[in-house]
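Subject: Structure for your review

Hello,

Here is the structure for you to look over. My notes on what was found in it follow below.

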Amino acid sequence: IMNLFFLAAGTSGRILKISKGMPKPLIKVKGISILERNFRWVIKSSFINKYFINTYFKSKDIKDEINKIENNYNIKVQISNEKKILGTAGAVKKIQGKLGKIFFVIYSDNLLNFNLGRMLEFHNSKKSDFTMALYSIKKHPFTGIASSSIKLDNNSRIINFNEKRSSKGNSKFLVNTGVVIFNNKIFKFIKKNKFCDFSNDIFKNVVKNKTIKFFGYKIEKKN
C-alpha cells in the first residue's frame, strides 16, 4: 500500500493559446478532462492508499474538478495549495511528512494508461530507490511529451538523464513519461521552500550519486 501525488500546479504556458487559458490537466478528451482520465486510470490500482494533488495556477478550477472526481469515484483527494509555485520537486518536499516511505509522483497533464502494478513489481525486484517510467520515441512518435533523452545500462539502471523543453528528444534514447516511484531518500536532494524542478535540478544529481539505485521501467503497450 502506498500513496500517490499528482502534480497539477504548472502554468501550462506553452499551450495556453490552444487550451484557451485553461490548465492543461483540465483539457477535455471526448468530454472527460485529462485529470479525470488519469484518476480513473490510477484508481484501478488497488494498492494506492491516499491521493494528493498540488495547485497554483487557476487553483479554483483544479479544485472544482477534484470535487467532481471525488464525487464520481468515491475517493478523497488531499490538496496542497502553493502560494508561490515550488516546481515539481519543491511540491513534493512541501508535503514530505504525508507521502510515506514509498510513493508515486505523476505529472497530471500527461494522458497515460499502463499497469502501475507491474511498474511497482519491477521497482521491488530491482530493490530500486527511484524508478521512472520510460518509453521509446521510435515506437511512440506522436505523444507530444518527447523532450528527454535517457540512457539505461544493461540492467535498466539510468546512467544518463537529459531533458530540454525545446527538444523533441532523440530516437536512440528513452523518454520520461512523468511517472516516478520514489522512496524517502529523494527528500535529501530537495531544498525546503525553494523552487526546485526534478528534471532540471534533481535527476542529474541522482544519476551521479552512485549510492542511489535509479532505474528505468520501459512501457511499450497498454497492459
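A residue is called buried under 20% relative accessible area, exposed over 50%, and partly exposed in between. R40, with a relative accessible area of 35%, is therefore partly exposed. Please keep in mind throughout that this is a predicted model.

Helix α2

R40 lies in helix α2, and that helix is mostly covered: 8 of its 10 residues are buried. The buried ones are I34, L35, E36, R37, N38, F39, W41 and V42. R40 can also be placed against a part of the chain further along the sequence: its C-alpha atom and that of I69 are separated by 8.8 Å, with the two positions 29 residues apart along the chain.

Salt bridges

How many salt bridges does the structure hold? The count is 5. In general, side chains of opposite charge can pair when their charged atoms come close.

E36 forms one of them with K68, where the closest N and O atoms are 3.6 Å apart. This pair links distant parts of the chain, since E36 sits in helix α2 (residues 34-43) and K68 in helix α3 (residues 59-73), 32 residues apart. Is E36 buried or exposed? At 7% relative accessibility, E36 counts as buried, whereas K68 counts as partly exposed at 31%.

K60 and D64 form another salt bridge, with 2.9 Å between the closest N and O atoms. Both residues are in helix α3, and because they are 4 residues apart they are separated by about one helical turn. D64 is partly exposed at 38% relative accessibility, while K60 is exposed at 56%.

E70 and K76 also meet through their side chains in a salt bridge, at 4.0 Å from N to O. E70 has a relative accessible area of 13% and is buried; K76 has 62% and is exposed. Salt bridges that share partners also join E36, E65 and K68 into one network.

Positive patch

Which residues form the positive surface patch? They are K50, K83, K94 and K98. Of these, K94 has its place in helix α4 (residues 87-94). K94 has a relative accessible area of 44%, so it counts as partly exposed.

Aromatic rings

A search of the whole structure finds 16 aromatic pairs. One of them is formed by F122 and F215, an edge-to-face pair with 6.4 Å from centre to centre and 80 degrees between the planes. The F122 and F215 pair links distant parts of the chain: F122 is in helix α6 (residues 116-125) and F215 in strand β11 (residues 214-218), 93 residues apart. The label edge-to-face follows because planes over 60 degrees apart are classed that way.

F122 counts as buried at 15% relative accessibility, and F215 counts as buried at 4%. Elsewhere among the rings, a cluster is linked by ring pairs and takes in F103, F130, F161, F182, F187, F189, F198, F203 and F214.

Backbone points to check

Two residues on either side of helix α3 deserve a look in the viewer. K58 is not a glycine, yet it has a positive phi of about 50 degrees. K58 is found in the loop between β4 (48-55) and α3, and at 38% relative accessibility it counts as partly exposed.

N74 is likewise not a glycine and has a positive phi of about 55 degrees. Where does N74 lie? N74 is in the loop between α3 and β5 (77-81). With a relative accessible area of 74%, N74 is exposed.

For a quick tour, the E36 and K68 salt bridge shows how helix α2 is linked to helix α3, and the F122 and F215 pair shows how helix α6 is linked to strand β11.

Regards

Technical notes
Residues numbered from 1 in each chain as written. Predicted model: local features only at pLDDT ≥ 70, side-chain atom pairs only at ≥ 80, totals over all residues. Heavy atoms only, no water. Phe/Tyr/Trp six-rings, centres within 6.5 Å; stacked < 30°, edge-to-face > 60°. Buried < 20%, exposed > 50% of the residue type's maximum accessible area, 1.4 Å probe, protein only. Patch = residues over 30% accessible without salt bridge, like charges linked within 9 Å, V, L, I, M, F, W, Y side chains within 5 Å. Areas by Shrake-Rupley, 256 points an atom, 1.4 Å probe, with all protein chains shown as cover. Lys, Arg positive; Asp, Glu negative; His and termini not counted. Charge placed at Lys NZ, Arg CZ, Asp CG, Glu CD.
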